[in-house]
Amino acid sequence: MSAICTDQTAKDVTKTTSNAVTFADVYCSCCKQLELPYDEDLLASLNDIQGHSLCLRGSGSLRPELPKLCIHDSSFIPLCDAIAKNATIFYLDLSYNQLSDQSIVILCRGLETNQSIVTIKLDCNNFEEHGAEKLAEFLQLTSSLRNLSLRGNKFKRKGNLALASVLQVNKTLSSLDVSETDLDTSCIIAYAAALANNTTLVDLSMDRLVSFSKEEESAVHIAEMLTHNSALVNLSMQKHGLKDFGFSRICSALKRNTSLRRLNLSCNKITRDGAQAFVEMLPSNSTLCEIDMSYNSLEDEGAKILSAALPSSAIDGLYRNSASCVGSHYGEIQEFVEVRQIMLHVNYTVDGIVRIAQCQE
């Protein structure tokens, strides 16, 4: 639990060399108005805030360079009041704290009066279905929020269905991350249905299903969505239990899709048959430029299929990593990527796994 500081400590911490009112000043003022104590660790972090970004990632992120901080429901009320009163903040990161449904309700209420924030990150907090439902209600009202990341909060089926439904009416959100929120097949189907006619969302991450069917219904609906959607650019579906049948349906849809550029299908169950479906799709698609197929089951035969087809395709970035795929055809894929003048990190682990990864020059 964070320490509590006195009025005099607060004055010392928020002291500045200019007469400008800082965010820490606003927080202190809100604490006084609400007759609530100051949170010393939070106040110290606020005093370091510069520019238009309010980054208050908690200590749960396990990053030693970040200050010791963990925001709880009890200390969030004056902070949220300060956020509502500050129209200069564009980026808000509250990831890795201990915010429950109660705090999310308070946050949404505050954001109704502050329309300046365009990016909100709430990864790995403690809110569940009710918090997600309140965020969905907020998304129906806001015209400013562009990016929302909710990764790692367990709002499960009910929360995800509420968020999916709002994508049918929201016309401003461009990026959404609902990975590791206990998604199931019905959630993926709901997101797919909502995105069929959505024209604004360009980036969607929904990694790790907690349950999936043998019929791969989620992949079938995602494929159907891709035949109609013309806005989505980045799609991440790690850990979906995706097999060759589902991947083949997605590949068939990509023959008609003209917007998707990056597709992350790592940690699935795609084999050489899926690789064959992928290369058969390539002549009909000139948009997709990067795909992550690492930690699948391509094996050497799958690598051979890819190495034969990729040089004549539009693919600029390939990520693949498999302990069973370390033969000569790995070298051919590496040679292909180098021809495209993409820098590579090639890492060999102790058990012989090889990974190709694109990085920025």
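Here are some numbered notes on this protein chain, which is a predicted model.

1. Let's begin with the overall make-up. The chain has 361 residues, and 53% of them count as buried. Its secondary structure adds up to 13 helices and 14 strands. The accessible surface is about 16100 Å², with 49% of that belonging to carbon and sulfur atoms.

2. Next, who touches whom along the chain? Take the contacts between residues at least 6 apart in sequence: 81% of these join residues at least 24 apart. Keep that in mind when you trace the chain by eye.

3. Now for the inside. The largest nonpolar core holds 95 residues. Which members touch the most others? They are Leu 79, Leu 163, Met 206, Ile 222, Ile 250 and Phe 278. Ile 250 makes a good example to click on: leaving out residues up to four places away in sequence, Ile 250 touches Ala 219, Ile 222, Ala 223, Leu 226, Met 237, Leu 242 and Leu 263.

4. Nonpolar side chains turn up on the outside too. Leu 34, Leu 36 and Ile 77 make a surface patch of about 200 Å². Ile 77 sits in helix H4, which runs over residues 73-85. Is Ile 77 buried or partly exposed? Ile 77 counts as partly exposed because its relative accessibility is 33%, and the buried label needs a value under 20%.

5. Helix H4 also carries a salt bridge of its own. Asp 81 pairs with Lys 85, and their closest N and O atoms are 3.7 Å apart. The two residues are four apart within helix H4, or about one turn of the helix. Asp 81 is partly exposed at 23% relative accessibility, and Lys 85 is partly exposed at 46%.

6. How many salt bridges does a search of the whole structure find? The count is nine. As a reminder of the idea, side chains of opposite charge can pair when their charged atoms come close.

7. One pair worth a look is Arg 57 with Asp 93, a salt bridge with an N to O distance of 3.1 Å. This pair links distant parts of the chain: Arg 57 is in the loop between strand E3 (53-55) and H4, while Asp 93 is in strand E4 (residues 91-93), 36 residues apart. Both Arg 57 and Asp 93 are buried.

8. Another salt bridge goes from helix to helix. Lys 158 and Glu 133 have their closest N and O atoms 3.8 Å apart. Lys 158 lies in helix H7 (residues 156-166) and Glu 133 in helix H6 (residues 129-141), so the pair ties together parts 25 residues apart in sequence. Glu 133 is partly exposed, at 23% relative accessible area.

9. Some salt bridges share partners. In this way, Arg 151, Asp 177, Glu 180 and Asp 207 are joined into one network.

10. Last, a backbone detail. Most residues other than glycine have a negative phi. Lys 239 is not a glycine, yet its phi is positive, about 55°. You'll find Lys 239 in the loop between strand E9 (234-236) and helix H10 (244-254), and it is partly exposed with a relative accessible area of 38%. Glu 299 also has a positive phi, near 60°. Glu 299 belongs to helix H12, residues 299-309, and is partly exposed with a relative accessible area of 43%.

Notes: Residues are numbered from 1 along each chain as its sequence is written. This is a predicted model: local features need pLDDT of at least 70, side-chain atom pairs count only at pLDDT 80 or more; totals for chains, interfaces and linings use all residues. Side-chain values use heavy atoms; hydrogens and water are left out. Buried means under 20% relative accessible area, exposed over 50%, partly exposed in between (1.4 Å probe, protein chains only). Contact means heavy atoms within 4.5 Å. Accessible areas come from the Shrake-Rupley method with a 1.4 Å probe; for residues, only the protein chains shown count as cover. A nonpolar core is a set of buried Ala, Val, Leu, Ile, Met, Phe, Trp, Tyr and Cys residues joined through side-chain atoms within 4.5 Å. Patches are made of residues with over 30% relative accessible area and no salt bridge: like charges are joined within 9 Å, nonpolar side chains (Val, Leu, Ile, Met, Phe, Trp, Tyr) within 5 Å. A salt bridge is a side-chain nitrogen of Lys or Arg within 4 Å of a carboxyl oxygen of Asp or Glu.
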